[in-house]
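Student: I am new to this structure. Could you take me on a close look at how the two domains of one chain sit together, and then at what lies beyond them?

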There are 2 protein chains.
Amino acid sequence: MTIRVMHVGLGPIGVGVLRQVMARPGFEIAAAVDIDPDKVGLDVGEILGLEAKTGIAVQGDLEAALASHDTDVVALCTGSTLPGIKSQLESILGAGLPIVSTTEELSFPQFSNETLTAEIDQMAREAGVAVVGTGVNPGFAMDTLPIVLSAACERVDSITVDRIQDASVRRLPFQKKIGAGLEPDDFRQKADRLEIRHVGLAESIAMIAAAFGWKLDQITDVIEPKIADEPVASNFISVEKGQVAGLIQDGVGFRDGEPIIQLHMEAYLGAPESYDAVRIEGSPAMYSKIEGGIPGDITTASVTVNTLPRALAAPPGLQTMRDLPIPSWWSGS
Amino acid sequence: MTIRVMHVGLGPIGVGVLRQVMARPGFEIAAAVDIDPDKVGLDVGEILGLEAKTGIAVQGDLEAALASHDTDVVALCTGSTLPGIKSQLESILGAGLPIVSTTEELSFPQFSNETLTAEIDQMAREAGVAVVGTGVNPGFAMDTLPIVLSAACERVDSITVDRIQDASVRRLPFQKKIGAGLEPDDFRQKADRLEIRHVGLAESIAMIAAAFGWKLDQITDVIEPKIADEPVASNFISVEKGQVAGLIQDGVGFRDGEPIIQLHMEAYLGAPESYDAVRIEGSPAMYSKIEGGIPGDITTASVTVNTLPRALAAPPGLQTMRDLPIPSWWSGS
């Protein structure tokens, strides 16, 4: 079986997904779509920086692409918010195709918009296909993985997930996204305008709470700059002492006023150790740590590509990583 | 919602499941069955060592229990092998009840017996309910968890799982099961007679291979004694230097002659550090470690109880942990 994938959205994440589908057995590029006029008409090989052409040109019109291609599933990597992708979901579901999307808010859309969640679910059921939002975070590191670890417990009192990343090894857009090199005031203004933020902590918290059957009274999501206490540099950006090296973001789910789900992210240039850790207080207490951490760029694409077979096999409707069979790498055979 | 559970089999594992169902919100004991004449007629409270009685007496006859109780799901904890539980499966499925079982061979029955696997699947489909084999190992630590971790990878070359347990903190039957206190010759004879062994490594290997789409040419499962190089003791057993402190067991899955799935267990008195670790060679490489390890006794029961709601919601037929939605602790509300 080869799964034929239409790629919609060719930003850094979409290109990462495209690269894996191109390279991995069991998957094949059916079509690629992006609205950027600089990309339309380019061969997919050029988009990937390959020497060889693939014969598949980037199309600018989603409707036209949907009308003319032999596709099993769409990888949708265009935006972070539900309202931003609504019309794309309508078009793709209208063509009867299942969707795996890296749209952060789609990972657990019940959190941000119950009305739109119900609409998407209804559209997907009518189309007879599944829609899933996923990625490494949200979608894996701070929700699926801690939920799975909890299965060994007879009692969970609270759960804490730490995701610490040395951003100096990441791509430039990521380093900019976390505010590296800014003055602290600039950082705070950009954070207030939502230009600097990781989207998804609240969705992950809501997914964990739903899995556990916990009713939360509040979810908070707070961003602070990590100020460099000495100069630090990446290949792209130099940060002076007192400038911003990156971000610290804390999502907290409260029940009866107590913080019982705490998701803590640090992503900054010069973080001494990258790791992902889950701590469960309960019976038994558990502490799980991934040394070196789950790198962000490859794994957002991995989790997305690994979810394509799951979406094809899933019952119609809106699905989340909590609803699907356990995720897995797949060799293509 | 309260899930009413009939407990069949009240050995150490079955009693662990009973204890959690008794204590945890969302679950309720519907009935308890065991063939041991010393247990039949006892109140479940006495079985659990509680002061208070529950009003539920242990029954000796499974058919009679099935005929007269208001049950949602059966927790079956009677044996390790498929042939050993076949008639019980027939009776329970004949009564139309879903089953979660700690029978190790049922965790991935395709490995040991394809004919019986097909029969069980057919019986479950006809009954309109699901049958699932699970527990902490097999069922979680060395299959579900490594499979889930692989979802972050674009490529897996090989996977190694280490489960190291200091057995001195475990119950006496477990210490005996791993051969603690034996002379090395006695250990080898008992291992040859299959009286000392952990059942399930091959099932876990087969489940991982199925998830990855790997065709294996061989699965090996080798048990060796861990010889004490100095005296060591638990609360129950004293081991002299040169005697057996416990077991070392290695399951290996080979593809094209290469060992690509390696499950390594050590369980012995005096192991300096208990831990569970998963190492994936591939892209990205990953190393995940649970410090202190996943304790065996509580968590076999936890995984089993946490799977009860999944079995109730699953489609009819034989299911494995690979087929079900991600496992999770559940608070009962």
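Tutor: In chain A, the domain assignment, which is automatic or from a database, gives domain 1 (3-135 + 298-319) and domain 2 (144-293). This is a predicted model, where local features need pLDDT of at least 70, side-chain atom pairs count only at pLDDT 80 or more, and totals for chains, interfaces and linings use all residues. Residues are numbered from 1 along each chain as its sequence is written, while chains are lettered from A and ligands numbered from 1 in the order in which they are written.

The C-alpha centres of domain 1 and domain 2 of chain A are 26 Å apart. Where these domains of chain A touch, eight residues of domain 1 are in contact with eight residues of domain 2 (contact means that C-beta atoms, placed from the backbone, lie within 7 Å). On the domain 1 side of chain A, the residues that touch domain 2 are three nonpolar, three polar and two charged; here Ala, Val, Leu, Ile, Met, Phe, Trp, Tyr, Cys and Pro count as nonpolar, Asp, Glu, Lys and Arg as charged, and the others, Gly among them, as polar.

Now let us step back to the two chains. Chain B superposes on chain A by a rotation of 180 degrees with 0.0 Å of shift along the axis, at RMSD 0.0 Å (a least-squares fit on C-alpha atoms of residues with pLDDT of at least 70 in both copies). That is the relation of a two-fold axis. The same surface serves both copies, since 100% of the contact residues of chain B recur in chain A. Within chain B, B:Pro325 comes closest to the rotation axis, with its C-alpha at 2.0 Å.

How values were computed. Contact = placed C-beta atoms within 7 Å.
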